[in-house]
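Here's a friendly walk through one protein model, for anyone opening it for the first time. Have a look around before reading on.

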Amino acid sequence: DPAQTIYTFAGATPTYLLNFTNRFPAAEVIRLTTGYRSTPEILFTANALLRSNSLGHELAPINDHGNQPVLTEYKTDGQEAVGITNQITELISQGEKPEGIAILKRLIASADVVVENFRPDVKYRLGIDYETLSKDHPGLVYASISGFGQSGPLSQRPGFDQIAQGMSGLMSVTGKAGDGPMRVGIPIADLCAGIFAAQGVLVALLERDASGKGQWLHTSLLESMIYMMDFQNSRWLIDGDVPTQAGNYHPTSIPTGVYKAKDGYMNIAVFGSKIWERFCDILGAPEWVTDERYKDKQGRSINRDSINAEINRRLAAQDRAYWVERFNEGGVACGLINDVKGVFEEPQVQHLGIVKDVVSLHHGPQKMVGQPVQLTRTPSTIARSAPKRGEHSEEILREIGLEAGELASLKAKGVY
């Protein structure tokens with residue numbers, strides 16, 4: 001059933017396939033990706049498309065390493081490999097061979113969406129760019145993800161998550177002042193570029209319902225990170241204020257940040273005068289409400305060091321559990337700061353059921369993070385375990401009409 005199939009073309013990325021059978025009209029997605037591994041931004045695009053519960057039924061990447069497409073080695077049983085993506089069936093094929101391109105074009109002929117993250121010139125060299133493909137397939141939605149954009153002075157540079165974090169300004173506002181730039185602890189540029197590309201695909205498919213025409217859409221790691229800088233951008237563009245590092249505290253709203261109780265750290269977020277008053281009462285410091293240094297948001301921001309020190313001094317009298325209970329009773333937002341182990345021990349996380357028990361044909365029972373969006377009428381389920389590298393190559397090639405003799409010839413030539 002095409003609504004249960006996602007193809008990986010020349011990429012080796014194990015995953016789990018979500019079952020959307022009879023949930024939504026099938027949309028076939030072909031994924032084209034780059035060299036050293038199936039890169040995160042394009043994997044997250046696939047994930048986001050599938051999480052929409054409407055797409056992602058045939059997915060096929062082709063690898064490009066430098067200027068030459070190659071079949072890359074990729075460890076298929078690592079935690080990162082299995083954990084990044086959730087829904088791929090795998091076809092391995094050599095993209096530099098004409099036969100490999102021919103296979104790809106046969107898959108694209110029935111596809112709704114192509115997603116690629118080559119450097120901008122590669123797709124034109126291979127003859128799989130939007131302009132070429134859309135001549136015979138005007139309804140095709142074609143999504144491109146790059147490091148820095150499809151044109152311009154930096155467009156041909158290789159782009160990676162950390163490079164985009166730095167160039168976007170994100171690292172200049174992350175971490176403690178004086179410690180130098182700090183990267184975010186997840187591949188945030190990859191994540192966001194993939195999610196934004198998926199959103200663009202959804203919009204293009206909706207528009208296609210009205211016009212009958214597909215289109216090319218593109219985003220980049222750099223554009224995604226600039227967009228995600230949000231109010232920090234506005235501080236410069238509107239006020240001419242260059243944001244700097246504020247450590248674990250909110251840059252403009254204090255007290256909001258990381259504070260230390262008797263047994264460890266916790267987050268507290270105080271926004272608005274009424275919540276500030278309640279916060280002061282809970283801490284036993286009602287005088288702060290009228291203190292000239294602290295009575296308004298601007299004063300607390302200017303005098304952040306002194307007020308934060310006072311807060312920590314009072315918090316040290318009790319454990320975090322005590323303060324979490326007291327603050328939440330008073331309508332003051334707060335929470336523990338978990339390590340990853342603690343996240344999955346959190347009762348609320350267990351209640352949400354985001355961790356799914358799955359059984360891999362190759363690795364046995366495993367636990368995976370499920371979908372962050374719950375559709376109440378059309379929920380997703382896990383339908384297939386992670387494939388071995390190239391496990392479905394012949395199955396997929398047969399599905400597009402190749403006979404036994406053709407398969408034997410292609411295999412002899414090293415096409416798959």
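What follows is a short tour, from the overall make-up to a few local spots.

**Ground rules**

This is a predicted model, in which local features need pLDDT of at least 70 and side-chain atom pairs count only at pLDDT 80 or more, while totals for chains, interfaces and linings use all residues. Residues are numbered from 1 along each chain as its sequence is written, and side-chain values use heavy atoms, with hydrogens and water left out.

**The overall picture**

The protein has 17 helices and 13 strands. Those are DSSP runs numbered from the N terminus, with helices (H or I) of at least four residues and strands (E) of at least two. Of the 416 residues, 49% are buried. Buried means under 20% relative accessible area, exposed means over 50%, and partly exposed is in between, using a 1.4 Å probe and protein chains only. Now take contacts (heavy atoms within 4.5 Å). Among those between residues at least 6 apart in sequence, 74% join residues at least 24 apart.

**Salt bridges**

How many salt bridges does a search of the whole structure find? The count is 12, where a salt bridge is a side-chain nitrogen of Lys or Arg within 4 Å of a carboxyl oxygen of Asp or Glu. Side chains of opposite charge can pair when their charged atoms come close. Here are some of these pairs:

| Pair | Closest N to O distance |
|---|---|
| Arg208 and Asp112 | 2.8 Å |
| Lys123 and Glu116 | 3.1 Å |
| Glu310 and Arg313 | 3.1 Å |

Let's start with Arg208 and Asp112, whose closest N and O atoms are 2.8 Å apart. Arg208 sits in helix H7 (residues 188-211) and Asp112 in the loop between helix H3 (98-108) and strand S5 (113-116), so the bridge ties together parts 96 residues apart in sequence. Arg208 and Asp112 are both buried.

Lys123 and Glu116 are likewise a buried pair. Glu310 and Arg313 are set up in another way: they are three residues apart in helix H12 (residues 304-315), so about one helical turn separates them. Glu310 counts as partly exposed because its relative accessibility is 26%, and Arg313 is exposed at 52%.

**Two helices packing**

Two packed helices are described by the angle between their axes and the distance between the axes. For helix H10 (residues 273-283) and helix H13 (residues 320-329), the angle is about 140 degrees and the axes are 10 Å apart. Axes here are lines fitted to C-alpha atoms, for helices over the stretch in contact, and angles run from 0 to 180 degrees between N-to-C directions. H10 and H13 are therefore oblique to each other; angles under 35 degrees count as roughly parallel, over 145 as roughly antiparallel, 65 to 115 as roughly perpendicular, and the rest as oblique.

Which residues meet there? Phe279, Ile282 and Leu283 from H10 touch Trp323, Arg326 and Phe327 from H13. That contact involves five nonpolar residues, no polar ones and one charged. In this count Ala, Val, Leu, Ile, Met, Phe, Trp, Tyr, Cys and Pro are nonpolar, Asp, Glu, Lys and Arg are charged, and the others, Gly among them, are polar.

**A few spots along the chain**

Gln165 lies in helix H6 (residues 161-167). Is Gln165 buried or exposed? With 0% relative accessibility, Gln165 counts as buried. Leaving aside neighbours within four places in sequence, Gln165 has contacts that include Leu170, Met171 and Arg183.

Next comes helix H8 (residues 221-228), home of Glu223. Glu223 is partly exposed, with a relative accessible area of 40%. Its C-alpha atom is 7.2 Å from that of Phe148, 75 residues away along the chain.

The loop between H8 and helix H9 (231-237) holds Met229, which is buried at 9% relative accessible area. Not counting residues up to four places away in sequence, Met229 touches Ser168, Gly169, Leu170 and Val173. Asp230, also found in the loop between H8 and H9, is exposed at 51%.

**Backbone oddities**

Most residues other than glycine have a negative phi, and most peptide bonds are trans. Asp230, though, has a positive phi near 50 degrees. The peptide bond from Ile254 to Pro255 is cis, with omega near 5 degrees, and Pro255 lies in the loop between H9 and strand S8 (256-261).
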